[in-house]
Amino acid sequence: MAAGHVMFSDQSDLFAKIPFELVYHEGPIDPLLRARNVIHHRHAEVLAPKGLKLDTLKWVGCRSNAERESLLCLLGAASSTWEKRVSVAGERLFNMRGCCVQSVFVDRDDAIQFTLHIPNAWSVRIRFELISEQSDKVWHWKSDAWSEQLLRLSVRGVEPGLMRLYIEDCLAYVARAQPA
């Protein structure tokens with residue numbers, strides 16, 4: 001655990017007692033009144049070596065529609081159970097200081113357009129792959145220094161499959177691709 005002097009339990013009632021107003025505190029911290037308390041609670045974490053029941057979870061906030069699509073894709077068959085609870089919170093919840101995929105769309109010319117959030121003057125490694133569901137073919141594209149907000153990749157002639165986009169080697173988008 002990241003912080004000392006913490007409460008821990010294997011019961012879900014402890015999760016309900018987490019003071020989320022301190023965990024997700026916004027704005028400046030008054031150093032005289034609450035700094036240590038806020039910083040302590042920002043270390044809140046759930047450690048679940050044997051799984052954690054999420055039946056009391058009411059809402060999951062994503063930065064963008066693309067992140068929501070990715071989460072639902074990763075959930076597989078369970079996505080129908082969670083679809084209504086997963087929504088886009090955007091800048092209301094996230095500070096948007098880092099990189100992310102904001103939207104994805106396939107245009108009339110069989111190209112996938114990724115609208116990216118890349119802070120000004122950043123240059124990032126980006127890697128795209130599409131793995132065919134029909135054969136063992138894999139399509140790749142990468143850049144070691146991408147800084148544009150729009151990434152457009154032609155998928156003409158590509159077989160349906162699972163596509164993934166990585167930013168700085170972290171999965172940023174995943175979805176089933178159904179090119180024409």
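Helices and strands are DSSP runs, numbered from the N terminus. In this predicted model, Leu52 falls in the loop that connects helix 3 (35-42) with strand 1. The relative accessible area of Leu52 is 45%, so this residue is partly exposed. Leu52 also contributes to a nonpolar surface patch of about 550 Å², together with Phe15, Phe20, Tyr24, Val46 and Leu54.

On the other side of strand 1 (60-62) in sequence, Ser64 occupies the loop leading to helix 4 (65-75). Ser64 counts as buried because its relative accessibility is 4%, below the limit of 20%. Apart from neighbours within four places in sequence, Ser64 is in contact with Val88, Val101 and Gln102. Helix 4 itself lies across strand 8 (161-167) and strand 9, and runs at about 70 degrees to strand 9.

Two open sheets are described here. One is an open sheet of 3 strands in the order 3-4-7, with antiparallel pairing. Its edges are formed by strand 3 (100-106) and strand 7 (150-154), each of which pairs on one side only. Direction ignored, neighbouring strands of this sheet are turned by 20 degrees against each other on average. The antiparallel pairing of strand 3 with strand 4 (residues 111-117) extends over 6 bridges. Within this pairing, Val101, a contact of Ser64, has Leu116 in strand 4 as its bridge partner.

The other is an open sheet of 4 strands, ordered 6-5-8-9 and likewise paired in the antiparallel sense. Strand 6 (138-146) and strand 9 (170-177) each have a single partner strand, so one side of each lacks a neighbour in the sheet. From one strand to the next, the twist averages 10 degrees. Strand 5 (residues 124-132) and strand 6 run antiparallel and are joined by 7 bridges. Leu130 has Trp139 in strand 6 as its bridge partner.

The count of salt bridges comes to 9. One of them is formed by Arg125 and Asp169, with the closest N and O atoms 2.9 Å apart. This pair links distant parts of the chain, 44 residues apart: Arg125 is in strand 5, whereas Asp169 is in the loop between strand 8 and strand 9. Arg125 is partly exposed, at 33% relative accessibility, and Asp169 is also partly exposed, at 49%. Salt bridges with shared partners join Arg125 and Asp169 with Arg127, Glu129, Arg164 and Glu168 into one network.

A further salt bridge is made by the side chains of Glu133 and Arg176, at 3.0 Å from N to O. Because Glu133 lies in the loop between strand 5 and strand 6 and Arg176 lies in strand 9, the pair ties together parts that are 43 residues apart in sequence. Glu133 is partly exposed at 45% relative accessibility. Arg176, at 51%, counts as exposed because the limit for that class is over 50%.

The loop between strand 5 and strand 6 also holds Lys137, and Glu159 is in the loop between strand 7 and strand 8. The side chains of Lys137 and Glu159 meet in a salt bridge with an N to O distance of 3.5 Å, and the two residues are 22 residues apart. Lys137 is partly exposed, with a relative accessibility of 43%, whereas Glu159 is buried, with a relative accessible area of 15%.

Key. Residues numbered from 1 in each chain as written. Predicted model: local features only at pLDDT ≥ 70, side-chain atom pairs only at ≥ 80, totals over all residues. Heavy atoms only, no water. Buried < 20%, exposed > 50% of the residue type's maximum accessible area, 1.4 Å probe, protein only. Contact = heavy atoms within 4.5 Å. Pairing = 2+ DSSP bridges. Axes fitted to C-alpha atoms, helices over the stretch in contact; angles between N-to-C directions. Patch = residues over 30% accessible without salt bridge, like charges linked within 9 Å, V, L, I, M, F, W, Y side chains within 5 Å. Areas by Shrake-Rupley, 256 points an atom, 1.4 Å probe, with all protein chains shown as cover. Salt bridge = Lys/Arg side-chain N within 4 Å of Asp/Glu carboxyl O.
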